[in-house]
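Visitor: Please take one position in this model and look at it closely, starting with how far its side chain is open to solvent. Then work outwards from there to other parts of the chain, and keep the account plain.

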Amino acid sequence: DRQTLVAVLQFLRRSNLRESEEILRREARLLGDDLGGNVATVATSSPGVAAVAAVPPGKGEARGDCEVGPCSRREPREVGSPVSSPRGKVTHSGDVSAVVVEDQPDVSAVLSAYNQQGDPTLYEEYYSGLKHFIECSLDCHRAELSQLFYPLFVHMYLELVYNQHESEAKSFFERFHGDQECYYQDDLRVLSSLTKKEHMKGNETMLDFRTSKFVLRISRDSYQLLKRHLQEKQNNQIWNIVQEHLYIDIFDGMPRSKQQIDAMVGSLAGEAKREANKAKVFFGLLKEPEFDVPLDDEDEEGENEEGKPKKKKPKKDNVGSKSKKQDPNAPPQNRIPLPELKDSDKLDKVMNMKEAARRVRLGPECLPSICFYTFLNAYQGLTAVDITDDSSMIVGGFADSTVRVWSVTPKKLRSVKTAADLSLIDKESDDVLERIMDEKTASELKILYGHSGPVYGTSFSPDRNYLLSCSEDGTVRLWSLQTFTCLVGYKGHNYPVWDTQFSPYGYYFVSGGHDRVARLWATDHYQPLRIFAGHLADVTCTRFHPNSNYIATGSADRTIRLWDVLNGNCVRIFTGHKGPIHSLAFSPNGRFLATGATDGRVLLWDIGHGLMVGELKGHTDTIYALRFSRDGEILASGSMDNTVRLWDAVKAFEDLETDDFTTATGHINLPENSQDLLLGTYMTKSTPVVHLHFTRRNLLLAAGAYSSQ
């Protein structure tokens, strides 16, 4: 591509290899002036890709919109002088400075950017000087510029450590680490253990911080103020770090308030760039296939009051086609290949619709009953729970590497007969599906052995024929619920797999783990179909969008990402949580996403606009379970604080301010108080809530293991 080409040509010119340069230029049909000092090439917006900048000759003062970090692909990048090069020299007009950072960093290459850049004894003075300037600036700018404290603190500390000024680094850390925001405490703890150059070699946090530019969103006024200050003070040390390690996303308009900034920051790499949330997302639902619903005789007998059956009759043909109109925001029906409906699936859909007709309409006046399944004496350590869509089975994953499946209805779990017995069955008989089951195997509980480490995630297939489990042993296993045996072990992750989930249409499933990537699989492929890479820490939870075209992943880097299944692109990045994400739930209409984390907050996101639209405070510990009711009126959250809380989802999402300005700048206005959205809090005696599930009639099922402490 053109950028790489220009970078190579510039390198050849600097190395005085004119002949090679000419040959390459002729090959690429580039004209002579394409490399002159007057062209600014465009840098890509992915972190850690070569950013090549040429400086306009004769322009003395800095004049770019976006001098800091690579811009988006569309706008040309203008860079004024001075431009910092990796060794800290300041190159002036006419010169060309190339800052090249590899994508998969070789550690030494990454660290070399920390080569000596200034007098180590002055670092504290530089930092306190900037701190004083920001604290004395106007309120409207102070909140925005305060975002600089943390990334500058980290980079200056790492620079001192790398250049072996250990005592200066120690005193710098001790003097300023108390000033950082409370939500960076865990990162600072890791940082405080890096006290020697050698420590930095294999440290992941360190590499992340070096290779991904820390993103700050600042208004143009605040940015100009900062730039003027640093240039007047000749404070090149800080300016170099700003240029090299930070990406400043500048917007036009009012600076944001402290509350607005606090709501959005806190992730490992700062906020998301606004560009990251601009792509179109098809969040609508797919059209349901149409088929006729036969009315049962028992239904009609049950309705013996006069007039009732007549009312019910017309419903007969249209139940199967409940969404005749195509949702304008839905993806094309064939955007990704989905499995065909089998007859059994159609039967199940019919059952589902009959249940839906008897569904309770929930709301502030009509809260659901909650039925709690407590795992008693679970000394094997309960680590994961799932419940089938029709609420007939519940599965537990345990730390002793077993997977246990229970039937929650009077109907016992049975395996299929042996091959010899099956050959005796009359295949034409009506009850052949009953006859193939072996009554001798009937029991309430089946235990599945196969994993060699704790089981961290479980998921039933929509047709209830299969079960997925993922484990610390790095595998995802697919079990048959007809034979209760393991069918496949999917090996792709090399480290623990924290979560797995089936697509709402079956066939596809997703897994996420310690290796920081999520993988999309199909049950009949032993290799993943897509690998979603981008998180800076473990992928802790995964969820399919109701239309199966997108996957949400939550991570220990404190961000949530939305991925497009079709092409593997990341189409949304949501920042705002102050701790690792542990639960995700899409609203039934596909428009919204709720996320829960170790910070005890539930955040609500508008997927179409890519904005945070709500914050629900109340829990005092990690939120491990989130679920919307079947019609989306109520959001239930379950936490390690032993409570289930119910929130009014209708009210939370009504009259949202999503005008163009808000979308463009991220000036979100969250209601001060989320208590008026809280409909109820339900305590257990001593059972952390690890799973929630609404039945087809809107009864809420909750599950957890009793803890005796």
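Guide: The position is C371, in a predicted model. C371 is partly exposed, because its relative accessible area of 28% falls between the 20% limit for buried and the 50% limit for exposed. Another cysteine, C140, has a relative accessibility of 37%, so C140 also counts as partly exposed. As for cross-links, the whole structure was searched and zero disulfides were found.

Next, a helix. Helix 16 covers residues 343-357, which is 15 residues. From first to last C-alpha, helix 16 spans 21 Å, close to the 21 Å expected at 1.5 Å a residue. Its buried residues include D345 and D348, two aspartates, along with V350, M353 and K354.

The UniProt record, in an unreviewed entry, lists "repeat: WD" for residues 375-416, 448-483, 490-521, 532-573, 574-607 and 616-648. Two of these segments can be described further. Residues 574-607 are 59% strand and 0% helix, with 10 Å between the end C-alpha atoms. Residues 616-648 are 61% strand and 0% helix, and here too the end C-alpha atoms lie 10 Å apart.

Backbone angles single out S391, which sits in the loop that joins strand 8 (382-387) to strand 9 (393-398). S391 is not a glycine, yet its phi is positive, near 60°. With a relative accessibility of 14%, S391 falls under the 20% cut-off and therefore counts as buried. Q164 also has a positive phi, about 65°, and is likewise not a glycine. Q164 is found in the loop between helix 6 (149-162) and helix 7. Its relative accessibility is 48%, so Q164 counts as partly exposed.

That loop leads to a helix pair. Helix 7 (residues 166-176) and helix 4 (residues 123-136) have axes that come within 10 Å and cross at roughly 20°. Angles under 35 degrees count as roughly parallel, so helix 4 and helix 7 are roughly parallel to each other. The crossing of helix 4 past helix 7 is right-handed.

Helix 11 (residues 236-245) is mostly covered, with nine of its 10 residues buried. Those buried are Q237, I238, W239, N240, I241, V242, Q243, E244 and H245.

Two strand residues complete the account. M683 belongs to strand 31 (residues 678-683), and its relative accessible area of 62% is over the 50% limit, so M683 is exposed. Between M683 and D641 there are 8.6 Å in space, C-alpha to C-alpha, for a separation of 42 residues in sequence. A702 belongs to strand 33 (residues 700-705). At 0% relative accessibility, A702 counts as buried. The C-alpha atoms of A702 and V690 are 7.7 Å apart, and the two residues are 12 apart in sequence.

Technical notes:
Residues numbered from 1 in each chain as written. Predicted model: local features only at pLDDT ≥ 70, side-chain atom pairs only at ≥ 80, totals over all residues. Heavy atoms only, no water. UniProt positions renumbered as here; feature names shortened; annotations may be inferred. Helix = DSSP H or I, 4+ residues; strand = E, 2+ residues; numbered from the N terminus. Expected span 1.5 Å × (residues − 1). Buried < 20%, exposed > 50% of the residue type's maximum accessible area, 1.4 Å probe, protein only. Disulfide = S-S within 2.5 Å. Axes fitted to C-alpha atoms, helices over the stretch in contact; angles between N-to-C directions. Parallel < 35°, antiparallel > 145°, perpendicular 65-115°, else oblique. Left-handed = near helix turned anticlockwise from the far one by under 90°.
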